[in-house]
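Ready for some practice in reading a protein structure? Work through each exercise by yourself, then compare your steps with the solution.

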Amino acid sequence: METAKQAKALQGGEWLIKESNPFETFIPEDFNEEQRMVMDMCTQFLDTEVLPIIERIDKLEPGLMPSLVEKAGEQGLLSTSFPEQYGGLGKDFITSTIVNEGLGGGHSFSVAIAAHTGIGSLPILYFGTEEQKQKYIPKLASGEWKGAYGLTEPNSGSDALGAKTTAKLSDDGKYYILNGQKCWITNGGFADVYTVFAKIDGDKFTGFIVERGFEGFTQGPEEHKMGIKGSSTVQLYFQDCKVPVENVLGEIGRGHIIAFNILNIGRLKLCAAALGGSKRAATTSIQYAITREQFKLPIAKFGAIKHKMAEMAIRMWVCESALYRASKWIDDKEHELMASGKTFAEALLGAAEEYAIECAMLKVYGSEVLDYVVDEGVQIHGGNGFSDEYVISKAYRDSRINRIYEGTNEINRLLTVDMVLKRAMKGKLDLMGPAMAVQKELMSIPDFGAEDEGAFSKELKYIANFKKAILMVAGAAVQKLMMQLEKEQEVLMNIADMAIETYNAESALLRVMKLTEQKGAAATQLQSDIMKTYLYDAADRINKSGKDALNSFADGDELRMMHIGLKRFTKVEPYNTKDARRRISEKLVADNGYHF
Ligand SMILES: Cc1cc2nc3c(=O)[nH]c(=O)nc-3n(C[C@H](O)[C@H](O)[C@H](O)COP(=O)(O)OP(=O)(O)OC[C@H]3O[C@@H](n4cnc5c(N)ncnc54)[C@H](O)[C@@H]3O)c2cc1C
């Protein structure tokens, strides 16, 4: 494995084959003064403007959500990273991630705001002509106009390119005539501007900007949903809808470029919002556990509850480490591309594409952390958790959608492995060399050489070994299954899970290493507990995923040898995770919430 004290950020997927330098890793403790202020502003916005009226929002009170979007616009929260020339604040990518996290705990409001600022605005910002940007972006940035995005159709969800909506040039050449239907459109009930995809002449998948009021464009009633009840979700209908030719977005026949690129950014932002939601739900649950008494004791004093609270903290902290590590990579790449002469739009799109693997992994993990937190949050609340009177039940219902949209978690897991392998095939990621080295290592006698006693040397070794486990399993799967691998989705899911665990574990370790260097070991004891507990548990999970994959396609001596290898690569020393979780939960109780 290559040792790299990189002068520049790792490229997408490279963490798998290279070591990372903790001191070049961005961690949330690196937020600058302005970024902290932005986070505080978002928290305050939710506390004062949104959460006090959350029940009214959930009843879809007419005009309420649009007015909140406008209020957020007045505070600059809709356009943090839009260029100033289009009415934005021109801040960096990390700051916009902070806004997504900071507003993430606002239930349906968070969904509306994320859809407006993300899929509702970015397609025009990144793919629009100068005229289109001038016309739409300042109004979207201020919140005067609200944005939505229509990709999904009744018969094409995950298979988005299977869309049936058609577009045909009118006889006078002035309009495209759209016919078809879109479904599940967030903000659809009140948006002014929609990015819609249709196939010109039935085959050229293309983006269009559709305005409310265009002839032939109507919408259905609000859907009755399991959660995010205050988020507007409707169907859109196009019946000979006349869209002026100047409203074609991007190149004809290249709508997929818009659809997929916008999703890369959306996935990372969804992770940020899910993290923000998790932190609020965790704090609510911790506070409940402190005040609720049973058997004459606050339930927070019971080991079973301590375990749950600590596990929430572990997953959130690890998620946060992974999220901001990748956000900085995207930020750096964006600057690098701009310095090389790319436009703002080309630079961010290029950066998000470079780290599309990480965006997909973060989407999966962020949404699953939130699901874990709200599920255990309900459990901590006992019967009250099942009552509409308690906000945790809303959080539970609202969480579930996150594993479904922005690409389901199955699709994102498949994409994770697919993108890694494609990068390797294109020569962008040298998997072959490291994979061969692992194979060679498998055949050799294990090296029981002198132990490196340096700080975190043990954990660094674990991470290096986890990576070897992935390379061994993925390498064997490619060799054995070849073209069939694509059809062996269970194996791809296993490999994706190993990758997600490893990327997360490494992100947490790097953060602890950097923090320890800055603050000393005593001040970072609890962060160390979090990281060590995660690594210890991740080793088992990686082992299980690896075994499940190997057992499905290998056999005999070869399988036995790889099992031994996997055992070696996921070996960790015993660690008292019970005591570590107790220490973490004591801190949560002392802080009256999650404030790591
Ligand atoms: C509340 C809400 C808001 C939404 N907002 C928007 C929006 O604003 N704009 C928009 O365009 N869309 C939106 N969507 C649509 C959303 O993106 C889709 O629901 C999602 O992409 C999944 O598509 P689907 O529902 O058709 O499920 P399907 O694609 O039918 O998937 C069903 C199941 O099959 C699995 N599956 C599908 N294909 C594969 C495969 N190849 N391999 C393995 N498993 C597979 C999926 O993972 C899933 O578990 C929204 C949806 C909801 C519910």
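**Exercise 1. Where is Glu311 placed, and is Glu311 buried or exposed?**

Solution. Start with the position: Glu311 belongs to helix H9, which covers residues 303–339. This is a predicted model. Next, take the relative accessible area, which is 5% for Glu311. The cut-off for buried is under 20%. Glu311 therefore counts as buried. Finally, look at the neighbours: leaving aside residues up to four places away in sequence, Glu311 touches Tyr372, Asp537 and Arg581.

**Exercise 2. What is the geometry of the aromatic pair that Tyr149 and Phe197 form?**

Solution. A search of the whole structure turns up 16 aromatic pairs. In the pair of Tyr149 and Phe197, the distance is 5.4 Å centre to centre, with 75 degrees between the planes. Planes over 60 degrees apart count as edge-to-face, and that is the label for this pair. Now place the two residues: Tyr149 sits in strand E1 (residues 147–150) and Phe197 in strand E4 (residues 193–200). They are 48 residues apart, and the pair links distant parts of the chain. Both Tyr149 and Phe197 are buried.

**Exercise 3. Why is the pair of Phe217 and Phe238 stacked?**

Solution. Begin with the ring centres of Phe217 and Phe238, which lie 5.2 Å apart. Then compare the planes, which stand at 10 degrees, so the pair is stacked. The cut-off for this label is under 30 degrees. Phe217 is in strand E6 (residues 217–219) and Phe238 in strand E7 (residues 233–244), so the pair ties together parts 21 residues apart in sequence. Phe217 and Phe238 are buried.

**Exercise 4. Which residues do ring pairs link into a cluster?**

Solution. Follow the ring pairs from one residue to the next: the cluster holds Trp15, Trp329, Tyr355 and Tyr503.

**Exercise 5. Why does the radius of gyration of the protein agree with a compact globule?**

Solution. First, count the residues: there are 596. A compact globule with that number would have a radius of gyration near 25 Å, and the protein has 24 Å, so the two agree. Then add the spans of the C-alpha trace along its principal axes, about 80 × 60 × 45 Å. Of the 596 residues, 58% count as buried. Last, check the contacts with a separation of 6 or more: residues 24 or more positions apart account for 76% of them.

**Exercise 6. How many helices and strands does the protein have?**

Solution. Counting along the chain gives 19 helices and 10 strands. Well done for getting to the end!

Note on methods:
Residues are numbered from 1 along each chain as its sequence is written. This is a predicted model: local features need pLDDT of at least 70, side-chain atom pairs count only at pLDDT 80 or more; totals for chains, interfaces and linings use all residues. Side-chain values use heavy atoms; hydrogens and water are left out. Helices (H or I, at least four residues) and strands (E, at least two) are DSSP runs, numbered from the N terminus. The radius of gyration is taken over C-alpha atoms; the globule rule is 2.2 Å times the number of residues to the power 0.38. Buried means under 20% relative accessible area, exposed over 50%, partly exposed in between (1.4 Å probe, protein chains only). Contact means heavy atoms within 4.5 Å. Rings of Phe, Tyr and Trp (its six-membered ring) pair if their centres lie within 6.5 Å; planes under 30 degrees apart count as stacked, over 60 as edge-to-face and the rest as tilted.
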